[in-house]
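Got the viewer open? Let's take a short walk through this one, one selection at a time.

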Amino acid sequence: MDNDVSAGSTTSILGQLALGLTLLAFGLGHTEVIDGVTAADSVSLATYVGGIALFVAGLFAFRDHDAFTGTAFSALGALWFTWGVSADATLSANAAGLFLLLFALVALSLTLGASGASQLTRGAYGLLFVAMLLLAIGQFGDSEGLAKVGGWFAAAAGALAWYAATAALAHWPTALPGRASSRGVTATG
């Protein structure tokens with residue numbers, strides 16, 4: 001099989017799709033680029049798709065002996081579920097900021113631990129880290145502008161995760177152009 005085309009496991013495809021859709025809805029809601037749509041409108045999607053489906057995908061990954069994917073999907077699923085079920089709770093800005101900061105730390109751990117994962121996966125987790133960090137700082141500092149920028153980073157992370165899932169299903173290329181493949185072939189200039 002060509003290393004530039006991803007086949008992906010069913011578990012990772014489901015998880016990437018759930019993460020991608022949840023991040024797109026959550027991120028676009030924070031940007032408020034669609035009139036009348038806010039992050040609060042993504043609560044149901046975050047609870048059931050980002051929370052439950054992602055958590056179950058993580059359990060299946062553990063069953064398949066894929067510790068990294070299992071950890072990533074289970075942890076993110078638990079976080080999305082927690083965010084979704086607590087969205088109606090009255091929290092201080094600092095409490096909400098702390099939750100987002102903890103979410104950012106999980107995303108940082110996943111980014112640093114994803115050395116064997118695809119470029120798309122590493123990119124999605126890296127963008128998720130930046131998004132959650134900006135959203136946390138925005139909560140601590142009561143900055144709507146930072147929340148919007150964080151939303152764009154979340155939407156970009158969602159787009160990468162969605163593309164990774166779609167590319168695996170459609171057997172589309174996933175390697176960045178101009179990069180050497182893992183077979184040791186180097187790019188010529």
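**Start at helix α2**

Select α2 and pick out its buried residues: Val43, Ala46, Thr47, Gly50, Gly51, Leu54, Ala57, Gly58 and Ala61. Keep in mind as you go that this is a predicted model. The spacing along that list is worth a look, since an α-helix has 3.6 residues a turn, so residues three or four places apart point the same way. Now show the surroundings: the buried residues of α2 pack against α1 (10-31) and α3.

How far apart are the end C-alpha atoms of α2? Put a distance label on them and you should read 28 Å. The helix covers residues 43-63, and at 1.5 Å a residue its 21 residues should span 30 Å, so the two values agree. Step just past the helix to His65, which follows α2 and has a positive phi, near 65°.

**Hop across to Gly70**

Next, select Gly70, which sits in helix α3. Is Gly70 buried or exposed? Its relative accessibility is 0%, so Gly70 counts as buried. Draw a C-alpha to C-alpha line from Gly70 to Gly58 of the previous helix: the two are 4.0 Å apart in space, with their positions 12 residues apart in sequence. Then list what Gly70 touches, ignoring neighbours within four places in sequence, and you get Gly58, Ala61 and Phe62. Two of these, Gly58 and Ala61, are among the buried residues of α2 you picked at the start.

**Turn to α3 and α5**

Keep α3 (residues 67-85) on screen and add α5 (residues 119-141). Their axes come within 14 Å and cross at roughly 30°, and the two helices are therefore roughly parallel to each other. As for the hand, α3 passes α5 in a left-handed crossing.

Which residues make the contact? On the α3 side, show Phe68, Ala72, Phe73, Leu76 and Trp80; on the α5 side, show Tyr125, Leu128 and Met132. Colour them by class and the picture is plain: eight nonpolar residues, no polar ones and no charged ones.

**Zoom out**

Finally, bring back the whole protein and colour by secondary structure: there are six helices and zero strands, so to speak an α-α-α-α-α-α run from the N terminus on. Switch to colouring by burial, and 38% of the 189 residues come up as buried. For a last look, consider contacts between residues at least 6 apart in sequence: 71% of them join residues at least 24 apart.

Terms used: Residues are numbered from 1 along each chain as its sequence is written. This is a predicted model: local features need pLDDT of at least 70, side-chain atom pairs count only at pLDDT 80 or more; totals for chains, interfaces and linings use all residues. Side-chain values use heavy atoms; hydrogens and water are left out. Axes are lines fitted to C-alpha atoms, for helices over the stretch in contact, and angles run from 0 to 180 degrees between N-to-C directions. Helices (H or I, at least four residues) and strands (E, at least two) are DSSP runs, numbered from the N terminus. Angles under 35 degrees count as roughly parallel, over 145 as roughly antiparallel, 65 to 115 as roughly perpendicular and the rest as oblique. A crossing is left-handed if the near helix is turned anticlockwise from the far one by less than a right angle, and right-handed if clockwise. Contact means heavy atoms within 4.5 Å. Ala, Val, Leu, Ile, Met, Phe, Trp, Tyr, Cys and Pro count as nonpolar, Asp, Glu, Lys and Arg as charged, and the others, Gly among them, as polar. The expected span of a helix is 1.5 Å times one less than its number of residues. Buried means under 20% relative accessible area, exposed over 50%, partly exposed in between (1.4 Å probe, protein chains only).
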